[in-house]
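Let's go through some labels that people put on protein structures and check where they come from. Each turn takes a label and holds it up against its cut-off.

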Amino acid sequence: MRRIAIASDHAGFVLKERIKTYLEKKGIGIKDLGTHSKERCDYPKTAYSLAKEVSSGRFKRGVLVCKSGIGNSIVANKLPRVRAALCYNVKAARLSREHNDSNILVLGSCFVNAKSAKKIIGVWLSTNFKGGRHKRRLDQIKKIEKNLLGS
């Protein structure tokens, strides 16, 4: 069984819960890193918690949901080995996997409803990285990370 980490802030909570149901019906195990209610909370904490799971390799992929998706993207992409992609449609999700090997999908609940989120996630999970010239570019990103980390 595949497993995926998922997290949201209060503005993404309802959509996150619908996504969880969708993923569970597809036989995908979920690790829910919060939030667990509509009560106001700070998105950097949940975004960091999920990005840390992906960055460390404990999870290969994760899904983040907040109101716009922008804040979660900013936080997640601070961590090494994270390639978080904010996607509002299926085409962006497909390209984020094919060209960038994205490992965190970020959704904005203001721009994506449950129906479109399911389509986006379905494509994102089933699309493979193309490699080739795209691998060369990812290798360049890894070098940038290495230099920034002083390794």
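Q: What makes the link between N89 and K91 at the start of α4 a polar contact?
A: A side-chain oxygen of N89 comes to within 3.2 Å of the backbone nitrogen of K91. A polar contact is a pair of N or O atoms within 3.5 Å, where, within protein, one must be able to donate a hydrogen and the other to accept it, and residues adjacent in sequence count only if both atoms are side-chain atoms, so this pair fits.

Q: Where do these numbers come from, and which atoms are used?
A: This is a predicted model, where local features need pLDDT of at least 70 and side-chain atom pairs count only at pLDDT 80 or more, while totals for chains, interfaces and linings use all residues. Residues are numbered from 1 along each chain as its sequence is written, and side-chain values use heavy atoms, with hydrogens and water left out.

Q: Why is the pair of Y88 and F111 called tilted?
A: Rings of Phe, Tyr and Trp (its six-membered ring) pair if their centres lie within 6.5 Å; planes under 30 degrees apart are stacked, over 60 edge-to-face, and the rest tilted. Here the centres are 4.6 Å apart and the planes make 35°, so "tilted" it is.

Q: What does this aromatic pair tie together?
A: Y88 sits in the loop between β4 and α4 and F111 in the loop between β5 and α5, so the pair ties together parts that are 23 residues apart in sequence. Helices (H or I, at least four residues) and strands (E, at least two) are DSSP runs, numbered from the N terminus.

Q: Why is Y88 called partly exposed?
A: Its relative accessible area is 32%. Buried means under 20%, exposed over 50%, and partly exposed in between (1.4 Å probe, protein chains only), so Y88 gets the middle label. R81, with 45%, is partly exposed too.

Q: How do you know that the charged end of R61 sits over the ring of W124?
A: The rule wants NZ of Lys or CZ of Arg within 6 Å of the ring centre and within 35 degrees of the ring normal. For R61 the distance to the centre of the W124 ring is 4.9 Å, so the distance part is met.

Q: What makes R81 and D101 worth a second look?
A: Most residues other than glycine have a negative phi. R81 has a positive phi of about 70°, and D101 has one of about 50°. R81 is in the loop between α3 and β4, and D101 is in the loop between α4 and β5.
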